[in-house]
Amino acid sequence: MLLPLTQTHFIVLIVFVLLFFKRVLDRNFELLFSDKNTQHTCPCSPNAQPTEGEREVWNQVNSVLQDSESILSGLQAYKGAGQEIRDAIQNPSDFMLQERAWNSVCPLVIKLKKFYSFSLRLEEALQSLLECLTCPPFTPTQHLEREQALAKQFAEILHFTLRFDELKMRIPAIQNDFSYYRRTISRNRINNMNLDIENEVNNEMANRMSLFYAEATPMLKTLSNATTNFVTENKTLPLENTTDCLSTMASVCKVMLETPEYSSRFSSEDTVLFCMRVMVGVIILYDHVHPNGAFNKSSKIDMKGCIKVLKEQPADNVEGLLNALK
């Protein structure tokens, strides 16, 4: 027989829940938001070493994350071939200018292929992490405590993804270069010219790359599709296992940002950005896989609270993040 829940019992229950949540936050603060993490010298800090049960997946994901900084550096250094392309278009009969533009664009296309190929590796890594962080019989909170090294890698992937997309949106040359490449290679194919670059980027690859770079946020779109595919392909896994994992991470990030006890321990702006990007990333994934989305009243994510903590940050730091949530 169930005893009636008195006001005293109710208060004790609430205190117990808050203390438990605080314990989870304290345990995960150094794991997810330490300054060592934001430096990205190592995808996993000593505070979150993988257990034997995590090691196989951790090694797989780590091999991907180790290349993430070089991908970002390559994207940041992308200059484009705008001038060469303009000269070639304005002087269609000048063979030297045509050759100069083509020789400038081809290495850039190889670089764009490298970025796209990395997105496929990232997609596979994310699905492996989701499989580990959502499997029965443990709850999302239990998974975050048990598989801390994998939870941190999940956060690292989201952090990288939003950084990549923020950079990509500032480089219109990417789509201009690739459009010129596709037009030129089609024209040369009609003229039966033998093009060595097609060994690197054939027509099928070019089509896939074109769809990828047409997205405003291509990496985030890749992860969103990966999460949706994970849910679709694992029909025996309750949807709540995935959505609760994402909403739990969003809640942890929000509390970290809005609670002085935790935010005061952020010693750099990069740490705050890391936390905000992870929060926005899991919100967007949640919005893609939950039938009602993240903005519905039934959502387990406090969207008003999340947007509030974002708006409390300097506008330059959050403009892209707020736009990603629209």
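## Helix packing, pocket and cavity at a glance

Helices H3 and H8 cross in a left-handed sense. They belong to a predicted model, and this briefing walks through three of its helix pairs, its largest pocket, its cavity and two local spots. Among the points to look out for are a pocket of about 410 Å³ and a cis peptide bond from Pro-136 to Pro-137.

**H3 against H8**

- Helix H3 covers residues 52-65, and its axis lies 10 Å from that of H8, at an angle of about 25°.
- Because angles under 35 degrees count as roughly parallel, H3 is roughly parallel to H8.
- On the H3 side, the residues that meet H8 are Glu-54, Val-57, Trp-58, Val-61, Asn-62 and Leu-65.
- Their partners in H8 are Gln-148, Ala-149, Leu-150, Gln-153, Glu-156 and Ile-157.
- Sorted by class, the contact of H3 with H8 holds seven nonpolar, three polar and two charged residues.

**H12 against H14**

- Helix H14 spans residues 269-289; its axis and that of H12 come within 9 Å and cross at roughly 155°.
- Angles over 145 degrees count as roughly antiparallel, so H12 and H14 are roughly antiparallel to each other.
- The handedness of the H12 and H14 crossing is left-handed.
- H12 contributes Leu-239, Thr-243, Leu-246, Ser-247, Met-249, Ala-250, Cys-253, Lys-254, Met-256 and Leu-257 to this contact.
- H14 answers with Val-272, Cys-275, Met-276, Val-278, Met-279, Val-282, Ile-283, Leu-285, Tyr-286 and Val-289.
- The contact of H12 with H14 comprises 17 nonpolar, two polar and one charged residues.

**H12 against H15**

- Helix H12 (residues 239-258) also packs on helix H15 (residues 303-311), with an angle of about 40° and axes 10 Å apart.
- That angle makes H12 and H15 oblique to each other.
- H12 passes H15 in a left-handed crossing.
- The residues in touch are Lys-254, Leu-257 and Glu-258 from H12, and Gly-305, Cys-306 and Val-309 from H15.
- This contact of H12 with H15 has three nonpolar, one polar and two charged residues.
- Lys-254 and Leu-257 are worth finding in the viewer: they take part in the contact with H15, and they also appear in the contact with H14.

**The largest pocket**

- The largest pocket holds about 410 Å³ of space.
- Its lining consists of 18 residues, and those nearest the centre are Arg-163, Glu-166, Leu-167, Arg-170 and Arg-277.
- Four helices each give at least two residues to the pocket lining: H4 (68-76), H8 (148-168), H14 and H16 (315-324).
- H16 provides the largest share of that lining, with six residues.
- By class, the pocket lining splits into eight charged, six nonpolar and four polar residues.

**The cavity**

- One cavity of 30 Å³ or more is found in the structure.
- The largest cavity encloses about 60 Å³ of space.
- Around it sit Leu-162, Asp-165, Glu-166, Met-169, Thr-217, Leu-220, Gly-320, Leu-321 and Ala-324.
- H8 and H16 are the elements that supply two or more residues to this cavity lining.
- The cavity lining has five nonpolar, two polar and two charged residues.
- Glu-166 links the two topics, since this residue is among those nearest the centre of the largest pocket and also lines the largest cavity.

**Local spots to check**

- The peptide bond from Pro-136 to Pro-137 is cis, with omega near 5°.
- Pro-137 sits in the loop between helix H6 (95-134) and helix H7 (140-146).
- Lys-113 is placed in helix H6.
- Lys-113 and Ala-206 are 93 residues apart along the chain, while their C-alpha atoms are separated by 8.6 Å.
- Leaving aside residues up to four places away in sequence, Lys-113 touches Glu-200, Val-201, Met-205 and Met-209.

How values were computed. Residues are numbered from 1 along each chain as its sequence is written. This is a predicted model: local features need pLDDT of at least 70, side-chain atom pairs count only at pLDDT 80 or more; totals for chains, interfaces and linings use all residues. Side-chain values use heavy atoms; hydrogens and water are left out. Axes are lines fitted to C-alpha atoms, for helices over the stretch in contact, and angles run from 0 to 180 degrees between N-to-C directions. Angles under 35 degrees count as roughly parallel, over 145 as roughly antiparallel, 65 to 115 as roughly perpendicular and the rest as oblique. A crossing is left-handed if the near helix is turned anticlockwise from the far one by less than a right angle, and right-handed if clockwise. Contact means heavy atoms within 4.5 Å. Ala, Val, Leu, Ile, Met, Phe, Trp, Tyr, Cys and Pro count as nonpolar, Asp, Glu, Lys and Arg as charged, and the others, Gly among them, as polar. On a 1 Å grid over the protein atoms alone, a cavity is a set of points where a 1.4 Å probe fits but cannot get out, and a pocket is an open set with protein on both sides within 12 Å along at least five of seven lines; lining residues have an atom within 4 Å of a point. Grid points are joined across faces, edges and corners, and a volume is the space filled by probe spheres set on the points.
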